[in-house]
Amino acid sequence: MSKYDELAARFGTPAYVYDLDVTAQSRAQLFGLLPEGFAVYYALKANPHPEIARELREGGCRAEISSTGELANALTAGFAPEDILYTGPGKTDGELDTAIAAGVRLFSVESLTDLQHVGAAAERQDTVARCLLRVNTTQGSASTGIRMMGRPSQFGVDAETLPELMPLFKAVTGAKIVGAHFFTMSNAQDEDALLGEYEFVLQSAAQLRQEVGLPLELLDIGGGFSSPYAVPGERTDYPKLRNGLEQLLDLYLPEWRSGAVELACESGRYLSGTCGTLLAGVVNVKESRGHRFVILDAGINVVGGLSGIGRLLPAAVGVDQAGDNPGQLVGPLCTPGDSLSKAAKLPELSAGDLLTVPNVGAYGVTASLISFLGRPAPTEVVVRGDEVISVSRLDYQRAYEVSP
């Protein structure tokens, strides 16, 4: 009996299994790809599970969040407030008050009014917030991956408006611009394209510092590191990245070696993606007009339910169990949209068998339609090797503010 068979027998299915040893390997690999001294922010949106976040924190990662819920998870994982970067285009006054009261002092701001809201919240608590100005440049270098700059967007300040706006940014009370935040692309498998994006970012940052006086105490160059999602495979390696980045930094920001500019990047999927495996039970196998349907107890309510945003679910979920029998993998929901793979190659299966979906440590439970049709959330099992660290399940229930 395999480890996953034993865990499924103990805790049932559907279940996510997160291996902290793999998380540690991912963290070490990413730090090894970067020049010495780079800070790495873990984007909790990928997976806010406190055990995963804690493992990353203990290896030197900081936290990047965009809600008070993620703030609570980051604090539970032991992140110090000064190691948390609060981002996002829709920060409310209540959220800002909560974050600042908790000790968060670093924010990424998307506009002049966003900065003013942060400054006002800081003043209400008699402090000053340090802010990174998220910049939406006029173009980018690469054509692969998911583009995040060079188009109209709710994210970032349009670079061409900075000559006019920079004096206004610097005049905001309660907030101090200390650097810049760029996010160019996501899931870049091409190393040359990724380096091209970073060159554009570094060139842009240096130019904005010179031309409009953009401070650069801290520069977050974004992420873009690729890792497979819900299919077999390995994290992308970037053997030229460290040396390439060092050369680019020497060219555009040579003072980085003295520590005059603190450098950072961010990642969610690369740090947590490969640590997770979904255990799905076969409920039934049926034939319909010449097509074989393998019905699982895990569907889009469990994995990839946010595929509508066009970046999470691949064309077909891939399971570890390969075979020669074609079939469609579908979930248990009462909608034809609950399809995980229309052309899977599977072994012979029957009710009660176990299938495993690899590389779902990122964008799994919390990026799915877990409350759709009222099914319980999947169990989440955290392991380190063969040791079970914790077993939990998200619980959602209606809380009345006014009783009916």
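**Helix packing and domain contact**

Analyst: Helices H2 and H3 lie oblique to each other. The model in which this is seen is a predicted one.

User: Why are H2 and H3 called oblique?

Analyst: Helix H2 (residues 20-33) and helix H3 (residues 50-58) pack at an angle of about 40 degrees, and their axes are 9 Å apart. Angles under 35 degrees count as roughly parallel, and those from 65 to 115 as roughly perpendicular. An angle of about 40 degrees belongs to neither class, so the pair is oblique. The two helices cross in a right-handed sense.

User: Which residues make the contact between H2 and H3?

Analyst: H2 contributes Leu-20, Thr-23, Ala-24 and Arg-27, while H3 contributes Glu-51, Ile-52, Glu-55 and Leu-56. Sorted by class, the contact has four nonpolar, one polar and three charged residues.

User: What is the packing angle of helix H8 with helix H9, and what orientation does that make?

Analyst: Helix H8 (residues 191-212) packs on helix H9 (residues 241-252) at an angle of about 20 degrees, with the axes 10 Å apart. This value falls under the 35 degrees cut-off, so H8 is roughly parallel to H9. The crossing of H8 past H9 is right-handed.

User: Which residues of H8 and H9 meet?

Analyst: On the H8 side they are Glu-191, Leu-194, Leu-195, Tyr-198, Glu-199, Leu-202, Gln-203, Ala-206 and Arg-209; on the H9 side they are Leu-241, Gly-244, Leu-245, Leu-248, Leu-249 and Tyr-252. By class, this contact has 10 nonpolar, two polar and three charged residues.

User: What domains does the domain assignment give for the protein chain?

Analyst: The assignment gives domain 1 (3-14 + 275-394) and domain 2 (34-272). Taken over C-alpha atoms, the centres of domain 1 and domain 2 are separated by 33 Å. Their contact takes 27 residues from domain 1 and 18 residues from domain 2.

User: What is the area buried between domain 1 and domain 2?

Analyst: About 1,800 Å² is buried between domain 1 and domain 2, and carbon and sulfur atoms give 51% of that area.

User: What makes the peptide bond from Thr-13 to Pro-14 notable in its omega?

Analyst: Omega for the bond from Thr-13 to Pro-14 is near -5 degrees, and the bond is cis. Pro-14 is placed in the loop between helix H1 (3-11) and strand S1 (15-19).

User: What is the phi of Asp-126, and where is Asp-126 found?

Analyst: Phi of Asp-126 is near 55 degrees, which is a positive value in a residue other than glycine. Asp-126 sits in the loop between helix H6 (112-124) and strand S6 (129-136).

Key: Residues are numbered from 1 along each chain as its sequence is written. This is a predicted model: local features need pLDDT of at least 70, side-chain atom pairs count only at pLDDT 80 or more; totals for chains, interfaces and linings use all residues. Side-chain values use heavy atoms; hydrogens and water are left out. Axes are lines fitted to C-alpha atoms, for helices over the stretch in contact, and angles run from 0 to 180 degrees between N-to-C directions. Helices (H or I, at least four residues) and strands (E, at least two) are DSSP runs, numbered from the N terminus. Angles under 35 degrees count as roughly parallel, over 145 as roughly antiparallel, 65 to 115 as roughly perpendicular and the rest as oblique. A crossing is left-handed if the near helix is turned anticlockwise from the far one by less than a right angle, and right-handed if clockwise. Contact means heavy atoms within 4.5 Å. Ala, Val, Leu, Ile, Met, Phe, Trp, Tyr, Cys and Pro count as nonpolar, Asp, Glu, Lys and Arg as charged, and the others, Gly among them, as polar. Domain bounds come from an automatic or database domain assignment. Buried area is the accessible area (1.4 Å probe) that two parts lose on being put together, summed over both.
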